[in-house]
Amino acid sequence: MPQHRRPSRHTPAANPSGVHFLVSDDVLRAMIRTCAPGPGDLVVDVGAGPGVVTAAVARTGARVIAVERDPDFVRTLRTRFRDRPRVRVVGGDLRTVPLPRRDFLVVANPPYAVSTALLRRLLGRGRPALRCAALTVEWGLARRVTAPLPRSREVAQWACRFDLTLVRRVPARCFRPTPTVDSAVLAIRRRPMSRSAEALATDLLDAAWHEPSRSVRALLRRSDVRGEPRLLRRCGIEPGSRAATVPPGAWAALAVETISPSARRERQGDGV
Ligand SMILES: C[S@@+](CC[C@H](N)C(=O)[O-])C[C@H]1O[C@@H](n2cnc3c(N)ncnc32)[C@H](O)[C@@H]1O
């Protein structure tokens with residue numbers, strides 16, 4: 001049985017900003033499990049509201065930055081966490097507040113209206129130091145960004161650098177007030193790649209996007225990448241297939257193999 005928390009003294013009765021507050025402990029636990037924060041980690045909760053996610057993350061021993069735009073919630077958060085030195089409350093807009101420079105996690109139930117803007121910030125080219133995120137987003141958006149073959153080039157670029165997966169569907173009843181659509185917990189994990197591998201993966205993806213009907217073999221002949229069938233298959237790529245049918249994660253795997261094949265073999269335990 002899904003567990004729904006009774007609205008606590010921190011759950012606002014009114015809904016002044018048209019937002020939906022999380023009232024499911026199951027969903028909260030799934031979000032925490034996804035990023036598994038702990039002492040030594042820095043976690044950002046964007047759109048912290050009354051602090052339900054912030055409080056759960058703080059209990060893991062991680063440091064938390066709670067970002068909230070609404071001045072009333074900022075006051076509530078400051079009062080609620082005044083005795084928790086590991087929680088810092090930042091009043092500001094999640095689209096513009098500076099993100100940590102050091103490696104960080106995001107665990108949050110942000111407002112749907114700015115989900116895409118948030119994803120652009122976290123996953124875009126500026127290379128923020130995001131390691132992992134667990135976000136609630138609308139079900140439709142979660143499906144689009146986790147599609148094996150994304151329909152938009154921007155999402156494909158995100159999926160090249162990050163592994164985007166659906167953790168679970170979240171029924172609308174897990175929020176108050178109840179939204180009209182279901183949501184999902186979206187997991188985002190940075191792929192372990194060097195900067196050069198990341199650049200190469202992006203180039204390969206761009207080339208495929210430019211000539212979707214060309215075969216992978218033909219596409220690679222124009223690049224410096226060795227296209228041996230065994231290597232391609234190990235990366236999940238069928239050499240004769242059309243470029244458009246290669247998932248972004250497979251281009252990422254090929255880039256990693258190309259940039260540092262020996263390092264990768266060693267990691268897998270079959271090196272010299
Ligand atoms: C969906 S509610 C979630 C609140 C809380 N995290 C929870 O799960 O119950 C989103 C919160 O984001 C805040 N918010 C809306 N737009 C924002 C923005 N651009 N920047 C920061 N916070 C924002 C709202 O005031 C609201 O408290």
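Is Glu 68 buried or exposed? Glu 68 counts as buried, because 27 C-beta neighbours sit inside 10 Å; here a residue is buried if 20 or more other C-beta atoms lie within 10 Å of its own, exposed if 12 or fewer, and partly exposed in between, with C-beta atoms placed from the backbone.

A quick word on ground rules. This is a predicted model, so local features need pLDDT of at least 70 and side-chain atom pairs count only at pLDDT 80 or more, while totals for chains, interfaces and linings use all residues. Residues are numbered from 1 along each chain as its sequence is written.

**The annotated site and the ligand**

An unreviewed UniProt entry puts the annotation "binding site" on His 20, Leu 22, Gly 47, Glu 68, Asp 93 and Asn 109. Its positions are given in the numbering used here, feature names are shortened, and annotations may be inferred rather than shown by experiment. Two of these residues, Glu 68 and Asn 109, are set side by side below. Contact means C-beta atoms, placed from the backbone, within 7 Å, and residues up to four places away in sequence are left out of Glu 68's list, as are those within four places of Asn 109. Helices (H or I, at least four residues) and strands (E, at least two) are DSSP runs, numbered from the N terminus.

| Residue | Place | C-beta neighbours inside 10 Å | Contacts |
|---|---|---|---|
| Glu 68 | strand S3 (residues 63-68) | 27 | Gly 47, Ala 48, Gly 49, Phe 73, Val 74, Leu 77, Gly 91 |
| Asn 109 | loop between strand S5 (104-108) and helix H4 (115-123) | 28 | Leu 22, Gly 47, Val 53, Thr 136 |

Around the ligand there are 22 residues, and the closest are Phe 21, Gly 47, Gly 49, Arg 69 and Asn 109; to be near, a residue needs its C-beta atom, placed from the backbone, within 6 Å. Strand S1 (21-22), helix H2 (52-58) and S3 each put at least two residues into that shell. By class, the shell holds 12 nonpolar, five polar and five charged residues. Ala, Val, Leu, Ile, Met, Phe, Trp, Tyr, Cys and Pro count as nonpolar, Asp, Glu, Lys and Arg as charged, and the others, Gly among them, as polar.

**Domains and core**

Stepping back, the chain has 11 helices and nine strands, and 38% of its 272 residues count as buried. An automatic or database assignment sets the domain bounds, giving domain 1 (21-190) and domain 2 (195-259). Their contact takes 10 residues from domain 1 and 11 from domain 2. On the domain 1 side, helix H6 (residues 153-161) gives the largest share, six residues.

The largest nonpolar core has 79 residues, of which Val 106, Val 107, Ala 133, Leu 186 and Trp 251 touch the most other members. Such a core is a set of buried Ala, Val, Leu, Ile, Met, Phe, Trp, Tyr and Cys residues joined through C-beta atoms within 7 Å. Helix H10 (residues 248-259) supplies the largest share of this core, seven residues, and each of the two domains gives at least three.

**Backbone oddities**

Arg 176 and Pro 177 are joined by a cis peptide bond, with omega about -15 degrees. Pro 177 lies in the loop between strand S8 (175-176) and strand S9 (183-190). Ala 36, in the loop between helix H1 (25-35) and strand S2 (42-46), has a positive phi near 45 degrees despite not being glycine. Ala 36 is exposed, because 12 other C-beta atoms lie within 10 Å.

How values were computed: Two residues are in contact if their C-beta atoms, placed from the backbone, lie within 7 Å.
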